[in-house]
Amino acid sequence: MTVSRVERATVQACAPHLPDRAVRLLRRVAGGALDEADGPLRHVVHLPGRTGAVSPWPDWTPPALRAAYVDRGIPAPWTHQVEVAELARAGTDVVVATGTASGKSLAYQLPVLTALLEDPRATALYLAPTKALAADQLRVLEELGLPDVRPAALDGDSSADARDWACWHGRWILSNPDMLHRSVLPRHGRWAHWFRRLRYVVVDECHTYRGVFGSHVALVLRRLMRVCARYGARPTVVLASATVADPAAFASRLVGRQVAAVTCDGSPQAARTVALWEPPLLPADDGENGAPARRGAGAEAARMLADLVLEGARTIAFLRSRNGAEIAALGARRRVADVDPDLADRVDAYRGGYLPEDRRALEAALTDGRLLGLASTNALELGVDIVGLDAVIVAGFPGTRASFWQQAGRAGRDARSDSLVVLVAADDPMDTYLVHHPDALLGAPVEGCVLDPANPYLLGPHLACAAAELPITDDELVPLFGERAPEVLDELVADGVLRRRPTGWYWPSTQEQPAAYVDIRGSGAGQVTLVEESTGRVLGTVDRTSAPATVHAGAVHLLRGETYLVERLDLDSGVAFVQSGDPGYRTVARSVTQLGVREVRCAREHGPVRISFGDVDVCTRVVAYQRRGPDGAVLATVPLDLPEQTLTTRAVWYDLDPAALRAAGLAAGRVPAALHAAEHAAIGLLPLFAICDRWDVGGLSTATHPDTGRPTVFVHDGHPGGAGFAERGHAVIADWLTATRRAIAECSCRAGCPSCVQSPKCGNGNAPLDKEGAAAVLDVVLAAIREHPGRDIAGPSSPE
């Protein structure tokens, strides 16, 4: 690729390397700021386009299917589509991991539809992470007009009649893991005729199955394969993914079977210009504790969206939340109306929660040019066929490089002309690091997906579900569920959940199914239901572990763009009662946390520094909350009396010899603030190395921890049993902490801000923090790793 990259990019430096159209669009979104030596444009990269490579239709393709694709404007498939189809046709489990709009759908449709046309009794299953994506696939299959395929949607919105029709007449069922888990597998006897003929299972957008949710889905898929075997079927699994690191290994872990990977993308791609943009600092130090703050990424994106619409460029702006998308669309529409009122109606918002017909209308209007600007959540990141856009604005790094490229791939997909992609950095350590180190985003491989189906907090409930579906036998236990399964089963038997018989493990009840109580999108700790007190209407749920901090009495809670005030929280009943209304302030919980080491799984000594990974107990109690005005000012602090929450999870930590800190110039009085700042910064940068959000992990730092006896910084998973994030951090700790150190050093603030060491989730209100001290702590750790090869310490079964 051709790269124009300078520390403070200007249009004069970049223009010789960029197409004229890209320069024009850049000038439109920023005006004179492009020519300022200290302006917000940090880096520009030009990615040349490529032509597509086609293959002949496989000989086994039915004429009717080939004709249906030709009628839809597909005269021949891309090379990777044929490679995937041939592998699946031969019975090989396969994952296709190629770019946005590379035609992954045809790659799995070709073998599946062929099987359904050849064998009138064959069936297939399609699983998507969202109902909307399954509905899109159903629409495409119906438009192909093939005889007797009988596709049918099966989700939570399906009526009883529709579910019956899908069961008895549907051949290609389009559903989601939730429906499979809660409805189909527990009632597999009703679906016996369908399971016996199951030839293919398609797992679409499989890169979204990561962390706790991905671990749940991995266990649901193992249960699916087990039920299939009961009816004599062994379906071929075809997975579709965005580009991820080592897709074969990830897919194999997700499915529990060996999976081949196809990664060579034969589809064409338009040229794109990618700009990294850091919004300017606000005039005053308006942040928490007087820290400097930058103009919000959402506000900057709304301004850019308006300017590009006025330029006549079809544009999507991706926002992190539904509320953010609505606000950005409203702001852009007002700005456009001030200049050209006739264009104001050509700007809209798009998010989950809209009716299907409204979403279809928005997609069609954007595609054909009736709509010029759309502010969207990541609902448009997955699967939806939006083509030929002139520009994409990404307001805040979406959490992973894979997601960034998925969103960027909406630009220039028809290869007609160069397109523009702008990443607008949020005021966050990760975003700040990326715009100053473009190789970490543009030159680095995409991340690997982290999941842990052996997590006992997740494995236990799924083993109960599996036993309720079919008694678990010794022969299948370890091959299917892993080495930890026997131990977890013993605990389930001891607790009276399952019964052990000579022929296997049994669910003791014939009246109820455990699947109804296992939330595969939660942490495994259960849910708290949000109920509107005046009407009794159920509004949604939150994880029980996060409820004390988010839906305590007096909390202001945002749900689907609406603001609610929490009246009371009943943790025993698992209910929070709320009422609609915006009091004009937001609330931030304050908590105290203690952490104890349960087991050190591995530890390595590097001179004055020891690095460890293991199991921990995190005990947190929310003690108060603050009411803050729109400007961030603290209006009041209100005490709370809530029970302590204990989270057993996994953590990575390092502890240091106090003498090494003194030698680095850190007096004892500065150590707590220095460790605290280093902890915050590390949490902010962990998503660069593990596919997670900073809200998926937590941390604790202390000048003297009782289990280590020394200054210690912990970073732990925020889910019971762990989700693999801390383990990934431990594996790459030198790279992770090096990036953290650079992010602190290169931030231009004086004493710490949201771009380096402040955290939006800090239970102590971001106090105390010592930015310079954090740099010194990390210097000691990194020097120790570099200068001392390291000595493994035998991990005891209890704290050192």
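Let us start at a single residue: S252 touches R257, Q258 and V259, leaving out residues up to four places away in sequence; touching, or contact, here means heavy atoms within 4.5 Å. S252 lies in helix α11 (residues 247-255). Helices (H or I, at least four residues) and strands (E, at least two) are DSSP runs, numbered from the N terminus. With a relative accessible area of 14%, S252 is buried. Buried means under 20% relative accessible area, exposed means over 50%, and partly exposed lies in between, using a 1.4 Å probe and protein chains only.

A word on what you are looking at: this is a predicted model, in which local features need pLDDT of at least 70 and side-chain atom pairs count only at pLDDT 80 or more, while totals for chains, interfaces and linings use all residues. Residues are numbered from 1 along each chain as its sequence is written, and side-chain values use heavy atoms, with hydrogens and water left out.

Now turn to a sheet. Seven strands form an open sheet with parallel pairing, in the order β5-β6-β4-β7-β8-β3-β9. Two strands pair if DSSP finds at least two bridges between them. At the edges stand β5 (151-153) and β9 (260-262), each pairing on one side only. On average, neighbouring strands of this sheet are turned by 20 degrees against each other, direction ignored. Strand β3 (residues 94-97) pairs with β9 in the parallel sense over three bridges, and V94 has A260 in β9 as its bridge partner. Helix α10 lies across β4 (123-127), β7 (198-203) and β8 (236-241), running at about 175 degrees to β7. For such angles, axes are lines fitted to C-alpha atoms, for helices over the stretch in contact, and the values run from 0 to 180 degrees between N-to-C directions.

Charged side chains connect several parts of the chain. A salt bridge is a side-chain nitrogen of Lys or Arg within 4 Å of a carboxyl oxygen of Asp or Glu, and by this rule the count comes to 34 salt bridges. In one of them, the side chains of R190 and D164 meet at 2.2 Å, N to O. R190 lies in the loop between α8 (177-184) and α9 (192-196) and D164 in helix α7 (residues 160-168), so this pair ties together parts that are 26 residues apart in sequence. R190 is partly exposed, with a relative accessible area of 34%, and D164 is partly exposed as well, at 35%.

Another salt bridge joins R223 to E469, with the closest N and O atoms 2.5 Å apart. This pair links distant parts of the chain, 246 residues apart: R223 is in helix α10 (residues 211-230) and E469 in helix α17 (residues 456-469). Both R223 and E469 are buried.

What separation lies between the closest N and O atoms of R604 and D792? In this salt bridge they are 2.5 Å apart. R604 lies in strand β23 (residues 586-606) and D792 in strand β29 (residues 791-793), so the pair ties together parts that are 188 residues apart in sequence. R604 is partly exposed at 30% relative accessibility, whereas D792 is exposed at 57%. Elsewhere, salt bridges that share partners join R295, E300, R303, D307 and R335 into one network.

Some members of that network sit in helix α12 (residues 297-310): E300, R303 and D307 are among its buried residues. Twelve of the 14 residues of α12 are buried, so the helix is mostly covered. Following α12 is G312, whose phi is positive, near 85 degrees.

Finally, look at the nonpolar interior. A nonpolar core is a set of buried Ala, Val, Leu, Ile, Met, Phe, Trp, Tyr and Cys residues joined through side-chain atoms within 4.5 Å. The largest such core has 99 residues, of which L463, Y654 and W736 touch the most other members. Leaving aside neighbours within four places in sequence, W736 is in contact with residues including V652, F689 and V715. Apart from this core lies another, of 45 residues, among them V95 and L221.

Y654 also leads to strand β26 (residues 645-656): there, Y654 stands opposite V713 in β28. Five bridges join β26 to strand β28 (residues 712-717), and the two run antiparallel. Strand β24 (residues 609-628) is joined to β26 by twelve bridges, also antiparallel. Ten of the twelve residues of β26 are buried, so this strand is largely enclosed by the rest of the structure.
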